[in-house]
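Welcome, and thank you for taking a look at this structure. Please have a look at the sequence and the 3D view first, and then read on for a short tour.

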Amino acid sequence: MRISPDRVRRAGAAAVLAGGFLASGVARAADDSGVKLPQLDIQTYPSQIFWLVVSFAVLYVLVSRVAVPRIFEVLEERQDRIADDLDKAQTLQSEAAQAQADHEALLAEARARAAAAVREAQDVAARAGAEREEVARARVAGMVAEAEQRIAASRAGAVDNIRDVASEAAVEAVARLIGSRPGEEAVTRAIAAVARDGRP
C-alpha cells in the first residue's frame, strides 16, 4: 500500500501544531506556578520536541507499514467476502428462479393431465350414456313392436268380431226386410266382398 506525500505533509503539520499547542500550554503553566515537574522545564523543550518528532516518525512508520496495510487487507477481505456473498446470492436467486420455472412447468403438466383425465372421463361417461340410451331405445322399440303386434292382433280380433256382428245384423235386417233368413255363408261372403272392395 503506497502512502501519498500529501498525507505525510498533513500528518507532519498536525504533529507540529500539536507540539506548538503543548509548548504554549506548558509555558503558560510554568509562568503561572513555576517549574515543578522536569518535563515542564523550558530548557528541556528542544529535546522533548526532538523526541516527540522521533516518536511521531516511528509511530507514523509503524502505522503506515503495519497497521494501515493490515486495515486495507481486512477491508479487501471484507470486500471480497461481500462480493462472494453477492455472487452466491445471485446464484441462489437464479436457482430459485429455475426451481420456480420447473415448478410451474410441473404444475402446467399436472393441469394438462388432469384436464385430459377429465375429458377422458367425460368421453367414457358419454359413451356409457350413449350405450344405455341405445339399449333403452332398443327396449322401447321392442316394447312398441310388441304393442303394435298386440294392437294388430286386437284389431284383427275386433274386425272378426265386427264381421260376426255385421253378419248377424245383416241376417236380421234381411230377415225383417224379406221375411226369410238368408244363409250365413252368403251374408259372410257379401260382407267380405264389401270389406275388400268397398262395394257389394
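Of the 200 residues in this chain, 6% count as buried. Keep in mind as you explore that this is a predicted model. The accessible surface of the chain amounts to about 16,300 Å², and carbon and sulfur atoms account for 61% of that area.

**The overall fold**

How many helices and strands does the chain have? There are 3 helices and 0 strands, so reading from the N terminus the elements follow the order α-α-α. One of these elements is helix H2, which covers residues 45-178. Contacts along the chain can also be sorted by separation in sequence: among those between residues at least 6 apart, 38% join residues at least 24 apart.

**A nonpolar patch and a buried serine**

Let us now turn to helix H2. Val66 is found in this helix, and together with Val58 and Leu62 it forms a nonpolar patch on the surface. The three residues of the patch, Val58, Leu62 and Val66, have about 270 Å² of accessible area together. Val66 counts as exposed because its relative accessibility is 53%, and the cut-off for exposed is over 50%.

Ser64 also lies in helix H2. Is Ser64 buried or exposed? With a relative accessibility of 8%, Ser64 counts as buried, because buried means under 20%. The side chain of Ser64 has a polar atom 3.1 Å from the backbone oxygen of Val61.

**Salt bridges along helix H2**

Side chains of opposite charge can pair when their charged atoms come close. A search of the whole structure finds 5 salt bridges. The table below lists some of them, including the distance between the closest N and O atoms.

| Salt bridge | Closest N and O atoms |
|---|---|
| Glu73 and Arg70 | 3.3 Å |
| Asp84 and Lys88 | 3.8 Å |
| Arg113 and Glu109 | 2.7 Å |

Where do Glu73 and Arg70 sit relative to one another in helix H2? They are 3 residues apart, which means that about one helical turn separates them. Glu73 is partly exposed, with 38% relative accessibility, and Arg70 is partly exposed too, with a relative accessible area of 44%.

Asp84 and Lys88 are 4 residues apart in helix H2, so about one helical turn lies between them. Asp84 has a relative accessible area of 37% and is therefore partly exposed. Its partner Lys88, at 48%, is partly exposed as well.

For Arg113 and Glu109, the spacing in helix H2 is 4 residues, which again means a separation of about one helical turn. How exposed are the two partners? Arg113 counts as exposed because its relative accessibility is 58%, whereas Glu109, at 37%, counts as partly exposed.

**Looking back**

To recap, you have met a predicted model of a chain with 3 helices and 0 strands. Within helix H2 you can now find Val66, which belongs to a nonpolar surface patch, and Ser64, which is buried at 8% relative accessibility. You can also trace salt bridges there, among them the one between Arg113 and Glu109, whose closest N and O atoms are 2.7 Å apart.

Terms used: Residues numbered from 1 in each chain as written. Predicted model: local features only at pLDDT ≥ 70, side-chain atom pairs only at ≥ 80, totals over all residues. Heavy atoms only, no water. Patch = residues over 30% accessible without salt bridge, like charges linked within 9 Å, V, L, I, M, F, W, Y side chains within 5 Å. Areas by Shrake-Rupley, 256 points an atom, 1.4 Å probe, with all protein chains shown as cover. Salt bridge = Lys/Arg side-chain N within 4 Å of Asp/Glu carboxyl O. Helix = DSSP H or I, 4+ residues; strand = E, 2+ residues; numbered from the N terminus. Buried < 20%, exposed > 50% of the residue type's maximum accessible area, 1.4 Å probe, protein only. Polar contact = N/O pair within 3.5 Å; in protein donor to acceptor, adjacent residues only side chain to side chain. Contact = heavy atoms within 4.5 Å.
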